[in-house]
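Hi everyone, thanks for making time for this. I'd like to walk you through one model, so please have a look at the screen with me.

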Amino acid sequence: MHPAHDLLAALGVPAAALRGGTLPVRSPIDGSLLAQLPESDDAAAAIGRAQQAFLDWRSVPAPRRGELVRLFGDELRAHKAELAALVTLEAGKIGSESLGEVQEMIDIGDFAVGLSRQLHGLTIASERPGHRMMEQWHPLGVVGVISAFNFPVAVWAWNAALALVAGDSVVWKPSEKTPLAALATQALFARACARFGADAPPGLLQLLIGGAGLGAALADDPRVALLSATGSTRMGRAVAPRVAARFGRCLLELGGNNAVVVGASADLDLAVRGIVFGAWGTAGQRCTSTRRVLAHAAVHDELLARLERARASLPIGDPRESGTLVGPLIDGRAFDAMQAALAAARAQGGQVRGGERAPVGGWGDAWYAAPALAVMPAQSAIVCEETFAPILYLLRWEHFDDALRLHNAVPQGLSSAIFTNDLREAEAFMAAEGSDCGIANVNIGTSGAEIGGAFGGEKETGGGRESGSDAWKHYMRRATNTVNYSRALPLAQGVRFDF
C-alpha cells in the first residue's frame, strides 16, 4: 500500500474511495500510482444537492455560518502536517511550501470568521423627504470552483471560506492531477459539519472528480450563480463565454507573466533573494512565478552573475527531503513545454543556461529539471508567453520609461515588482502610468501574496479578485432598498404624475 493511503486514512478518506475507478493519480515525485479514482458521472445531481443546501444555508445567520468555518479551521490545524504531506506527494511541492499552503487555508478561514460579522452595506442619503435608502448584501447561490494542480487546496479555500460565510454552497472541481487533496479536504469539512450540527445542511460542499467535461457542466448550469476558475488563459477562454451566455458570473484567475524591474539603486541582496524564490521556487509552477527580470544596464552584469551562481547551486531533488529547494515538474508534458520554450528562446537570440532534465532517484516516470536562465537580447515572442516551468528571462534597460514599456508589453497582468531605493521610481511603478498588473510590489518579489489583500490580475489574467479586501462581494448579491416613512409619495428627480 502506498504511504499516501495512510495519510488519506488519517484525514478521513476510506481506502475504498481510492481504487476501482478510471482516473489514475500519480505522484510527480517518482511517477508512482497513488490511486485509481472513480470519476463523477452526474454533475447535474451534485449541483442540485448544492442548490438545495443553499436554500437552507442562506437563512442561517452569517455569524453562525462563520462558526462552521471556524470549526473547519480547527480541523485544518489538527491535521496540518498530514494534509501538507499529501500535497507534497500529489503536487510535488517541498515541505515548507506545502505547510505554507495549508496555513493559507487556515488564515483565510480566520479572515472569513471575522468577516461573518462585517458583511455590511451602506446607508445612503435620499433626495426625498421622509425616505431612507440603504444597500444590503445577500447570499448569492451555488458557487462553482475549478482549481489548478499547483495550489490544490489553498485557492479552493480562498473561495470556499468566503462563499460559506456569505451564505453560499460550493461545488468543487479540482484538477484531475491533484484530486486526493480535495478528497481529504472534503473529509475534514465533513468532520467540521458533524461538529457544527443540524444547521449545516447536507450537500453544502459537493466534489466533482474528473476531467474538463465537469468544468463545462459547471459553466453551463444556470443554478451555478458564480463560477470561480483558476488555470490557464486557454481554459478561461473556454469557460467565460459559456458562463456569459447564460448571464452567470465568472471569477477568473488565469495566466501570469510576472516581471521584476531592478533599478540602478536596487539592493541586489534583496533583489536576488526575491527573484530566486519567485523564479525557481515551486519549480516555476506558480501563477505569480517571476518569468522576467528587467535590469538596469548599470547592474545587469552583476545581477546576472549572482543569479547564475544561485541557479547553479539550488538543490534539486525529492521534495520530501529537507534540503531540497526545487522539486519536480508536475508531469512529462510540463517538461516538454519547458524544452520547447528554451529552444524558442535560443532561436530568438537567447543565451540559455540550465534547463536540462535532472536525474533524481533513477525515476524514469518523474520529471525534474534544472532551473533555466535565459539572457535575451529583446523581449521576443517566447518571452511574452507564459511557460509553467522554472525559466527566467533576463533583459537590459537604460531608461525607466523603457523598463515600464517592456514590463507592460505582455498580454498578462497578474503580479509585478520593482527593486529600487529611488522613491520616484517606486512611486511611478505603482502609479496609474506604471505597472498594469493587479499586484505591484516594491522591494519584495512577485510571489507569495498575503490573504489580507485582494488577489488577481488584469488583461489575460482575467480580472478576478479572490481572498482578502472586499473580494467577498463576488459571492453575494447587492440589493438597494428605499424606505418611505412619510405620509406622502414624492417621485424621484421631482417628477410629477398627478391623477
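What order do the strands of the open sheet of three strands have? The order is β3-β4-β21, and the pairing is antiparallel. Here a strand is a DSSP run of E with at least two residues, a helix is a run of H or I with at least four, and both are numbered from the N terminus. Two strands pair if DSSP finds at least two bridges between them.

Before I go on, a word on the source: this is a predicted model, where local features need pLDDT of at least 70 and side-chain atom pairs count only at pLDDT 80 or more, while totals for chains, interfaces and linings use all residues. Residues are numbered from 1 along each chain as its sequence is written, and side-chain values use heavy atoms, with hydrogens and water left out.

Back to the sheet. β3 (122-124) and β21 are the edge strands, each pairing on one side only. Between β3 and β4, residues 131-139, the antiparallel pairing runs over three bridges. If you want a spot to click on, leucine 122 stands opposite glutamate 135 in β4.

Now, let's follow the chain past β21 (476-484), because phenylalanine 497 lies in the segment after that strand and is exposed, with a relative accessible area of 63%. Exposed means over 50%, buried under 20%, and partly exposed in between, with a 1.4 Å probe and protein chains only. Phenylalanine 499 counts as exposed too, because its relative accessibility is 91%.

Which residues form a nonpolar patch on the surface with Phe497 and Phe499? They are Leu491 and Val495, and the patch has about 530 Å² of accessible area together. Those areas come from Shrake-Rupley with a 1.4 Å probe, and for residues only the protein chains shown count as cover. Patch members have over 30% relative accessible area and no salt bridge (a Lys or Arg side-chain nitrogen within 4 Å of an Asp or Glu carboxyl oxygen); like charges are joined within 9 Å, nonpolar side chains (Val, Leu, Ile, Met, Phe, Trp, Tyr) within 5 Å.

On to the rings: the structure holds eleven aromatic pairs. Rings of Phe, Tyr and Trp (its six-membered ring) pair if their centres lie within 6.5 Å; planes under 30 degrees apart are stacked, over 60 edge-to-face, the rest tilted. Tryptophan 57 and phenylalanine 196 are edge-to-face, at 6.0 Å centre to centre and 65 degrees between the planes.
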